[in-house]
Amino acid sequence: QVQLVESGGGLVQAGGSLRLSCAASGSLLSIDRMGWYRQAPGKQRELVATLTRGGSTNYAGSVKGRFTISRDNAKNTVYLQMNSLKPEDTAVYYCNLGVYTANGYREVWGQGTLVTVSS
């Protein structure tokens, strides 16, 4: 099994910054795709950012220029640096990894971490 542990959420004032982390452990052979999603109260889960094995990134238009996704391969960890936060960024943030295991390709979700941005 593969486990994801997220950290870094919290309460921040508008204009502030937070860095989310998502560490993978367990029986994974390698990580292919990494991504962050978020779900605000009463809304559907939406894509925030993705990062492929080859280093290509993709961002939601609402966060482009403010958020940066990155990875530390040695630590099997993906990060989301969030700057210039806005109240509308308030949501539960989830990491999502595509990983290769001995049993094949798996898509794994983190438990979510709450980010609250006050105005």
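Is D89 buried or exposed? In this predicted model, D89 is buried, with a relative accessible area of 1%. The acidic side chain of D89 does not stand alone, however, for it meets the side chain of R38 in a salt bridge, with N and O 3.0 Å apart. The two residues come from distant parts of the chain: R38 belongs to strand β4, whereas D89 sits in the loop between β8 (77-82) and β9 (91-101), and 51 residues separate them. Through salt bridges that share partners, R38, E46, R66 and D89 are joined into one network.

R38 offers a convenient point from which to follow that network. R38 is itself buried, since its relative accessible area is 6% and the limit for a buried residue is under 20%. Besides the bridge to D89, R38 forms a salt bridge with E46, and here the closest N and O atoms lie 2.7 Å apart. E46 has a relative accessibility of 35% and therefore counts as partly exposed. The arginine thus has a buried partner in D89 and a partly exposed one in E46.

R38 also leads to a nonpolar residue. V63 touches R38 and V48, when residues up to four places away in sequence are left aside. V63 lies in the loop between β6 (57-59) and β7 (67-72), and with a relative accessible area of 0% it is buried. The C-alpha atom of V63 is separated by 9.1 Å from that of L85, which is 22 residues away along the chain.

The structure holds 4 salt bridges in total. One of them is formed by the side chains of D32 and R53, at an N to O distance of 3.7 Å. This pair, too, links distant parts of the chain: D32 is in strand β4, R53 is in the loop between β5 (46-51) and β6, and they are 21 residues apart. D32 is partly exposed, at a relative accessible area of 21%, and R53 is likewise partly exposed, at 47%.

A charged residue without such a partner is found in strand β1 (residues 2-7), which contains E6. E6 is buried yet has no salt bridge; R45, the nearest side chain of opposite charge, is 7.9 Å away. That distance rules out a salt bridge between them, because the N and O atoms of such a pair must lie within 4 Å. The side chain of E6 instead reaches the backbone nitrogen of T113, at 3.4 Å. Not counting residues up to four places away in sequence, the contacts of E6 include S21, C22 and W36, the residues Y93, Y94 and C95, and the run G110, Q111, G112 and T113.

The surface presents another picture. L29, which lies in strand β4 (residues 28-39), is exposed, with a relative accessible area of 64%. Together with Y100 and Y105, L29 forms a nonpolar patch on the surface, and the accessible area of the three amounts to about 330 Å². Strand β4 therefore carries residues in each class of exposure, because a residue is buried under 20%, exposed over 50% and partly exposed in between: R38 is buried, D32 is partly exposed and L29 is exposed.

Key:
Residues numbered from 1 in each chain as written. Predicted model: local features only at pLDDT ≥ 70, side-chain atom pairs only at ≥ 80, totals over all residues. Heavy atoms only, no water. Patch = residues over 30% accessible without salt bridge, like charges linked within 9 Å, V, L, I, M, F, W, Y side chains within 5 Å. Areas by Shrake-Rupley, 256 points an atom, 1.4 Å probe, with all protein chains shown as cover. Helix = DSSP H or I, 4+ residues; strand = E, 2+ residues; numbered from the N terminus. Buried < 20%, exposed > 50% of the residue type's maximum accessible area, 1.4 Å probe, protein only. Lys, Arg positive; Asp, Glu negative; His and termini not counted. Polar contact = N/O pair within 3.5 Å; in protein donor to acceptor, adjacent residues only side chain to side chain. Contact = heavy atoms within 4.5 Å.
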